[in-house]
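Biologist: I'd like a close look at one strand and whatever surrounds it. Can you walk me through it?

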Amino acid sequence: MDSRECRGMAERAATWIVVGVDGSPGSDRAIEWAVQEAIVRGAGLELVSAWSVPQTGLPALAPAERQAFDEEARATLDRARAAVDGAEHVPAEVRSTLVEDNAAQALIAAGERAELLVVGSRGRGGFAGLVLGSVSQQCAIHAPCPVAVVPLASDAQPHGRIVVGVDGSEPSYGALHWAVAEASARRASLDVVNAYHYVPVVTPFGPAGVIDPEELDKASRALLEEMVAGAVGLKQPELPVELITSASAPAAALLRVATGADLLVVGSRGRGGFRGLLLGSVSQHCIHHATCPVVVVRPHATPATES
């Protein structure tokens, strides 16, 4: 390989996608998705596996026991790397990293050098589950880059449609910009959703006020038009965009629209229905229940590379 080819590879892999590896079916599905995403972006792919000694309160493990943990994790990582290298289509560059650390901490640290962090929604060991405090949840809350949570049952076949939820907050603008760039890179259409679920307030003296549903819908559509004009505008004039308003609860609206989509994108901090990544929030609910991969975009996250 001459110097020009080396420079070309370095340029193609200037950005990295990091994916968590633990040998579970959920991890395998996340790797498959991350490979395709890296190819779409022309990015490098980093496979990261972590192991740590169980905190049992017993005496420290002997060196041979520690070595056994390391060797098992390394074998799992090597199998994942071999599967990626042996695939028909391979990212611009592939590397693998084994870390002795808590799984969530290792992946969050790896996110410092990534434009996207990918985890499976079901795993085992360090990557198990989507329960409070799980690796997937911790990454979605704390990683410095966007985080994609890939459900095991998600369809690997692309459908050419991305869904993003917005609510007018700054973080949802970030999610929208990320989704616009991602849709452009994938040559996909974009559905932009705003839900304005209204719960009437009743006082001892009767209803606190009467809200006109038509006015709510008009305000919702006006918000969508303003946000999309700013995010798409002259940058992506040919991007197919559909504006969707819904009187449903935000999580229910997003999950319904995202049925059959390639990707659902949400912000990690918002207002109203899209606030936070707290237990029961829209983002958390989507991660738990979406049938497609969900990308959680933190404020100021780097968007996908436009092509």
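Which residue in S5 does leucine 117 stand opposite?

Modeller: That one is valine 147. Before going further, this is a predicted model, so to speak with its own rules: local features need pLDDT of at least 70, side-chain atom pairs count only at pLDDT 80 or more, and totals for chains, interfaces and linings use all residues. Residues are numbered from 1 along each chain as its sequence is written, and side-chain values use heavy atoms, with hydrogens and water left out.

Leu117 belongs to strand S4, residues 116–120. Strands here are DSSP runs of E with at least two residues, helices are runs of H or I with at least four, and both are numbered from the N terminus. S4 is mostly covered, with 5 of its 5 residues buried. Buried means under 20% relative accessible area, exposed means over 50%, and partly exposed is in between (1.4 Å probe, protein chains only). In a regular strand, side chains alternate between the two faces of the sheet. In S4, Leu116, Val118 and Gly120 point one way, while Leu117 and Val119 point the other.

Now the neighbours. Two strands count as paired if DSSP finds at least two bridges between them. S4 is joined to S5 (147–150) by 4 bridges, running parallel. With S1 (16–20), S4 pairs in the parallel sense over 3 bridges, and there leucine 116 is the bridge partner of isoleucine 17.

Stepping back, these strands sit in an open sheet of 10 strands with mixed pairing, in the order S3-S2-S1-S4-S5-S12-S11-S6-S7-S10. S3 (94–100) and S10 (241–246) each have a single partner strand, so one side of each is left without a neighbour in the sheet. On average, neighbouring strands are turned by 20 degrees against each other, direction ignored. Further along the order, S11 (263–267) and S12 (294–297) run parallel through 4 bridges, and valine 266 stands opposite valine 296 there.

What packs against S4? One visitor is tryptophan 33, from helix H2 (25–41). Apart from residues up to four places away in sequence, Trp33 touches Leu116 and Val118 of our strand, plus Ala148, Val150, Arg186, Leu263 and Pro293; a contact means heavy atoms within 4.5 Å. At 8% relative accessibility, Trp33 counts as buried.

Val118 also turns up in the largest nonpolar core, of 44 residues, where Leu47, Val118, Leu190 and Val265 have the most contacts inside it. Such a core is a set of buried Ala, Val, Leu, Ile, Met, Phe, Trp, Tyr and Cys residues joined through side-chain atoms within 4.5 Å. Val119, which points the other way from Val118, is in a second, separate core of 39 residues, along with Ala110, Val149 and Ile244.

Last, confidence. The average pLDDT (the predictor's confidence in each residue, from 0 to 100) is 83, with 78% of the residues at 70 or above. It stays under 50 over residues 1–13 and is below 50 over residues 270–280 too. Where pLDDT is low, the predicted coordinates should not be read in detail.

Technical notes. Axes fitted to C-alpha atoms, helices over the stretch in contact; angles between N-to-C directions.
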